[in-house]
Amino acid sequence: MVKVKKIEYPNNRFEECLQAVKVLIEKLGGEASRPDSFASHLGHSNSKSGTFIVKVGDMRKYGLLEKRGGIKATELAQKLSNPLNELERQQALNQSIFSVDLWRKLYEKFGQNVPSAENFWGCIVEVTDVDRATAIKEADKIRKLYIEAMSFYKEANKMFNQSPSRTIMQEST
C-alpha cells in the first residue's frame with residue numbers, strides 16, 4: 001500500500017486485483033495454503049517478492065482477501081468470481097471499489113466527474129487534508145488508479161431499475 005498521510009490507496013490497478021483473486025479461486029479453491037504456489041500462479045518468483053506482497057495488500061484493501069490470517073478469498077470475492085446474476089456481480093464490484101476509503105471519499109465529493117489532471121491535486125487536499133506538496137506528487141498516480149477503478153462502477157439502481165435506497169444500503173455493507 002502507498003500512503004498519502006492517513007489515507008491509503010492501492011498500488012495495483014483494480015483489474016489486476018480482480019484477475020489475481022480469480023486465479024486464487026479457480027486454481028487454488030479460494031485459499032492458498034502455500035503462498036509460494038499462489039505467487040507462482042501470478043507470475044512472481046515467490047511469496048517474498050515485494051510486488052507480490054504489495055498485490056496481496058491491495059487485494060485486502062479492495063476487500064477481496066480476508067484481513068487476517070493466510071491468503072483466503074472473502075465472500076465478496078466469491079460473489080465476483082461466481083455471481084448468481086449480473087446484479088449481484090455489479091453490487092460486488094461497487095462494494096469492492098468503495099472498500100478503498102479514498103475512492104469512496106472522492107466519489108462522494110465528485111462522483112464519476114473526475115477533475116482535470118491539473119486540478120486533481122487540490123481534490124486530494126480537500127478529501128485527505130494532506131499537505132499540498134504530497135498531493136501534487138501523488139495526484140497523477142491516484143487519479144489514474146481512481147479512473148481505472150471507477151470504470152468498473154455502475155449505479156445498480158439505474159442499471160437494474162431498483163429503488164436507490166435499497167441499492168445504496170446493499171452497496172455500503
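Trainee: Which residues in α6 meet which residues in α7?

Mentor: Leu102, Lys105, Leu106, Lys109 and Phe110 on the α6 side meet Phe120, Cys123, Glu126, Val127 and Thr128 of α7. Contact here is heavy atoms within 4.5 Å, and helices (H or I, at least four residues) and strands (E, at least two) are DSSP runs numbered from the N terminus. This is a predicted model, where local features need pLDDT of at least 70 and side-chain atom pairs 80 or more, while totals for chains, interfaces and linings use all residues. Residues are numbered from 1 along each chain as its sequence is written, and side-chain values use heavy atoms, with hydrogens and water left out.

Trainee: What classes of residue make up the contact of α6 with α7?

Mentor: Six nonpolar, one polar and three charged. Ala, Val, Leu, Ile, Met, Phe, Trp, Tyr, Cys and Pro count as nonpolar, Asp, Glu, Lys and Arg as charged, and the others, Gly among them, as polar.

Trainee: At what angle do the axes of α6 and α7 cross?

Mentor: Roughly 105°, and the axes come within 10 Å. Axes are lines fitted to C-alpha atoms, for helices over the stretch in contact, with angles from 0 to 180 degrees between N-to-C directions. Under 35 degrees is roughly parallel, over 145 roughly antiparallel, 65 to 115 roughly perpendicular and the rest oblique, so α6 is roughly perpendicular to α7.

Trainee: How do α7 and α8 pack?

Mentor: Their axes are 8 Å apart, at an angle of about 120°, which makes α7 oblique to α8. From α7, Ala117, Phe120, Trp121, Ile124 and Val125 meet Arg132, Ala135, Ile136, Ala139, Ile142 and Arg143 of α8. That contact has nine nonpolar, no polar and two charged residues.

Trainee: Which residues touch the most other members of the largest nonpolar core?

Mentor: In soluble globular proteins, nonpolar side chains tend to be buried together. A nonpolar core is a set of buried Ala, Val, Leu, Ile, Met, Phe, Trp, Tyr and Cys residues joined through side-chain atoms within 4.5 Å. This one has 46 residues, and Phe38, Leu64, Ile97 and Trp103 touch the most other members. The largest share, eight residues, comes from α1. Beyond four places in sequence, Leu64 contacts residues including Cys17, Leu18, Val21 and Leu80.

Trainee: Is Arg13 buried, exposed or partly exposed?

Mentor: Partly exposed, because its relative accessibility is 34% (buried is under 20% relative accessible area, exposed over 50%, partly exposed in between; 1.4 Å probe, protein chains only). Arg13 sits in the loop between β2 (7–9) and α1. Past its neighbours within four places in sequence, Arg13 contacts Leu145 and Glu148.
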